[in-house]
Amino acid sequence: MIRRLYDWTLSLAAGPRAPAALGTVSFVESSVFPIPPDILLIPMVIAKREKAWWFATLCTLTSVAGGVLGYFIGMFLFDQVAQPVLAFYGKLHWLEEFSSVFNEWGWWFVFIAGLTPFPYKVITIASGVAALSLPVFIFASLVSRGIRFFIVAGLLYLFGPPIKDFIEKRLGLMFTLFVVLLVGGFVALKFI
């Protein structure tokens, strides 16, 4: 089922309404949809490199707006909507374990999830459940999602189709490595 959904999502990139599809997928992926918007962003930027920055902006803004929806799902609809979504991703236990530290470190949780392959929707919902400050949530989301989508668009703009395989196979790992080094640097500074 996920493969068919992936193929269907990818097919939207070639149509005349590709920007609307990108915005829609980016929006719903931030709260419930399992396919990341990169699946549309990559072929769209390759097809129209001159619109790379517009596509990255659209993807960022709609992703953050969808994240706000996830936040409100967590805040107001936990039992009806959020609990099944978190259970689907196997993260229901995670929410209970981290709720005590979430507000203290919430900015970092949102930043890391927005940048890495970790399911961003889990953090959007958890942010609402934990009642993380909405301005903090939005700011962290804008920064992390912006970095992610602008790097993807920028690499494709500069290098074109040859960089596509690297982005699809290794960029998530590179973002994760960057976050580990960033957090490790802060921890090292704190204890030095």
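## A walk through the helices

Let's start with what a record says. An unreviewed UniProt entry lists residues 52-78, 105-123, 135-159 and 171-189 under "transmembrane region". What you have on screen is a predicted model, so we can look at how the chain runs through some of those stretches.

Take residues 52-78. Here the chain is 96% helix and 0% strand, and its end C-alpha atoms sit 36 Å apart. Now try residues 105-123: this stretch is 79% helix, again with 0% strand. How far apart are its end C-alpha atoms? They are 12 Å apart.

Next, find helix H8, residues 134-159. H8 has 26 residues and reaches 37 Å from its first C-alpha to its last, which is close to the 38 Å expected at 1.5 Å a residue. Just after H8 comes Gly160, with a positive phi near 65°. In the loop between helix H7 (120-129) and H8 you'll find Ala131. Ala131 has a positive phi too, near 55°, even though it isn't a glycine. That's worth a pause, because most residues other than glycine have a negative phi. As for its surroundings, Ala131 has 45% relative accessibility, so it counts as partly exposed.

Now for the rings. The structure holds eight aromatic pairs. One of them joins Tyr71 and Phe137, whose ring centres are 5.3 Å apart with 40° between the planes, making the pair tilted. Which parts of the chain does this pair link? Tyr71 lies in helix H4 (residues 52-76) and Phe137 in helix H8, so the pair links distant parts of the chain, 66 residues apart. Both Tyr71 and Phe137 are buried. They have company as well: Tyr71, Phe72, Phe76 and Phe137 form one aromatic cluster.

For another kind of pair, look at Trp108 and Phe111. Their ring centres are 5.9 Å apart and their planes meet at 85°; since anything over 60 degrees counts as edge-to-face, that's what this pair is. Trp108 and Phe111 both sit in helix H6 (residues 92-115), three residues apart, which is about one turn of the helix. Are these two residues buried or partly exposed? Trp108 counts as partly exposed because its relative accessibility is 26%, whereas Phe111, with a relative accessible area of 5%, is buried.

Let's move to a residue with charge, Arg145. Arg145 lies over the face of Tyr120, at 4.2 Å from the ring centre. The side chain of Arg145 also makes a polar contact, at 2.8 Å, with the side chain of Glu29. Where does Glu29 sit? You'll find Glu29 in helix H2 (residues 18-29). Glu29 has a relative accessible area of 5%, and because buried means under 20%, Glu29 is buried. Leaving out residues up to four places away in sequence, Glu29 touches Ile35, Pro36, Pro37, Lys121 and Arg145.

Our last stop is helix H3, residues 38-47. Seven of the ten residues in H3 are buried, so this helix is largely enclosed by the rest of the structure. Which residues of H3 are buried? They are Asp38, Ile39, Leu40, Leu41, Ile42, Met44 and Val45.

Conventions: Residues numbered from 1 in each chain as written. Predicted model: local features only at pLDDT ≥ 70, side-chain atom pairs only at ≥ 80, totals over all residues. Heavy atoms only, no water. Phe/Tyr/Trp six-rings, centres within 6.5 Å; stacked < 30°, edge-to-face > 60°. Helix = DSSP H or I, 4+ residues; strand = E, 2+ residues; numbered from the N terminus. Buried < 20%, exposed > 50% of the residue type's maximum accessible area, 1.4 Å probe, protein only. Lys NZ or Arg CZ within 6 Å of the ring centre and 35° of its normal. Expected span 1.5 Å × (residues − 1). Polar contact = N/O pair within 3.5 Å; in protein donor to acceptor, adjacent residues only side chain to side chain. Contact = heavy atoms within 4.5 Å. UniProt positions renumbered as here; feature names shortened; annotations may be inferred.
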